[in-house]
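Trainee: I would like to go through the labels used for this model. Let us set each value against its cut-off.

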Amino acid sequence: MNKKLILFLGIFSLFFIFGFKNQKYIFNQKNIAVNFERVEKLEKEIEKVDENKNLDTDKKEIQKEDKEELALHSKKNSEKIKEIDLRTLSSNERKQAFVDMLLPAINEVHEQIKENKSIVEKLAVKTELTPEEKEFCEALFSKYKVEYGNWKELQGKMVIYPASLILTQGALESAWGTSRFFREGKNIFGMWSTNPNEPRIAAKGVRENGFIPHLRKYDSIEESVEDIVMTISVSDAYKTVRKLLHEEKSPREVAYGLIKYSEEGPKYVEKVQKTLEYNDFEKYDI
């Protein structure tokens with residue numbers, strides 16, 4: 001009996017040990033399988049995130065390319081329109097051609113101002129400027145007619161004059177690009193000349209005192225657009241315009257600051273506001 005009992009206990013022990021190890025092995029295998037599934041799932045999620053990132057990057061690249069292509073197309077279209085005599089077009093065609101011709105120039109001027117503003121913000125807080133930075137700043141202070149070192153006043157004058165008002169005033173002053181001064185000298189905004197040494201065009205007629213008024217002559221539409229923007233930016237006559245722009249008022253409200261732009265005064269402001277609204281020019285403001 002003792003031998004049989006010992007033999008039974010021995011067999012049982014072997015079975016128990018082998019069975020336990022086998023169960024442990026199976027359990028571990030299951031854990032490995034579960035972990036493997038988790039890893040696979042995690043890898044797929046990472047791949048999905050990476051794909052989405054790539055899609056977002058691709059989308060941004062496409063948008064950037066589309067924007068650049070649109071700007072290039074707009075510029076090319078503008079160059080073609082410049083060769084057209086706008087007087088030969090119908091009223092609606094003339095208006096659209098005028099807008100298409102000015103917008104690239106407006107955007108170019110605006111982008112330059114934004115870039116300069118960004119540079120000034122960084123340089124204004126520096127304790128010491130490099131010779132190149134100082135030269136850049138001196139030119140900018142001079143351009144905006146501000147004493148060197150008065151950063152606050154400089155930044156206050158570096159305004160982005162709305163595209164809607166530029167288009168409106170251009171339409172009024174040049175009769176939608178059909179005036180003699182526009183055709184002969186790209187003078188879009190009726191800018192007078194008091195400097196006999198600069199390129200200019202004589203107006204017809206002589207004043208009572210024998211004075212012959214002149215208007216400025218420009219080499220490009222961009223120069224004409226930049227001139228009105230700089231005039232609004234530096235002249236004391238347009239302090240109110242700059243104040244209203246800093247207060248983020250609407251173009252219609254900003255127009256009240258143009259009361260000194262024309263001898264017509266309040267009547268001119270009213271013309272600007274009506275032309276602005278009738279042609280829905282605010283849609284061109286960024």
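Mentor: Start with angle classes. Angles under 35 degrees count as roughly parallel, over 145 as roughly antiparallel, 65 to 115 as roughly perpendicular and the rest as oblique. Axes are lines fitted to C-alpha atoms, for helices over the stretch in contact, and angles run from 0 to 180 degrees between N-to-C directions. Keep in mind that this is a predicted model, where local features need pLDDT of at least 70, side-chain atom pairs count only at pLDDT 80 or more, and totals for chains, interfaces and linings use all residues. Residues are numbered from 1 along each chain as its sequence is written, and side-chain values use heavy atoms, with hydrogens and water left out.

Trainee: Why are α2 and α7 called oblique to each other?

Mentor: Helix α2 (residues 91-123) and helix α7 (residues 221-234) pack at about 55°, with axes 9 Å apart. That angle falls in none of the named ranges, so α2 and α7 are oblique. Their crossing is right-handed, meaning that the near helix is turned clockwise from the far one by less than a right angle.

Trainee: Which residues of α2 and α7 make the contact?

Mentor: Contact means heavy atoms within 4.5 Å. α2 gives M101, L102, A105, I106, E108, V109 and I113, and α7 gives I221, E222, V225, E226 and V229. By class, the contact has nine nonpolar, no polar and three charged residues. Ala, Val, Leu, Ile, Met, Phe, Trp, Tyr, Cys and Pro count as nonpolar, Asp, Glu, Lys and Arg as charged, and the others, Gly among them, as polar.

Trainee: What makes α2 and α3 oblique?

Mentor: The axes of α2 and helix α3 (residues 131-143) cross at roughly 120° and come within 12 Å. That angle again fits no named range, so this pair is oblique. The crossing of α2 and α3 is left-handed. N116, I119, V120 and L123 in α2 meet E133, F136, C137 and L140 in α3.

Trainee: How do you know whether D227 is buried or exposed?

Mentor: Buried means under 20% relative accessible area, exposed over 50%, partly exposed in between (1.4 Å probe, protein chains only). D227 has 15% relative accessibility, so D227 counts as buried. D227 is found in helix α7. Leaving aside neighbours within four places in sequence, D227 is in contact with M191, R216 and Y218.

Trainee: What makes β1 and β2 edge strands?

Mentor: Two strands pair if DSSP finds at least two bridges between them. The open sheet has the order β1-β3-β2, with antiparallel pairing. β1 (192-193) and β2 (200-202) each pair on one side only. Three bridges join β2 to strand β3 (residues 214-216).

Conventions
Helices (H or I, at least four residues) and strands (E, at least two) are DSSP runs, numbered from the N terminus.
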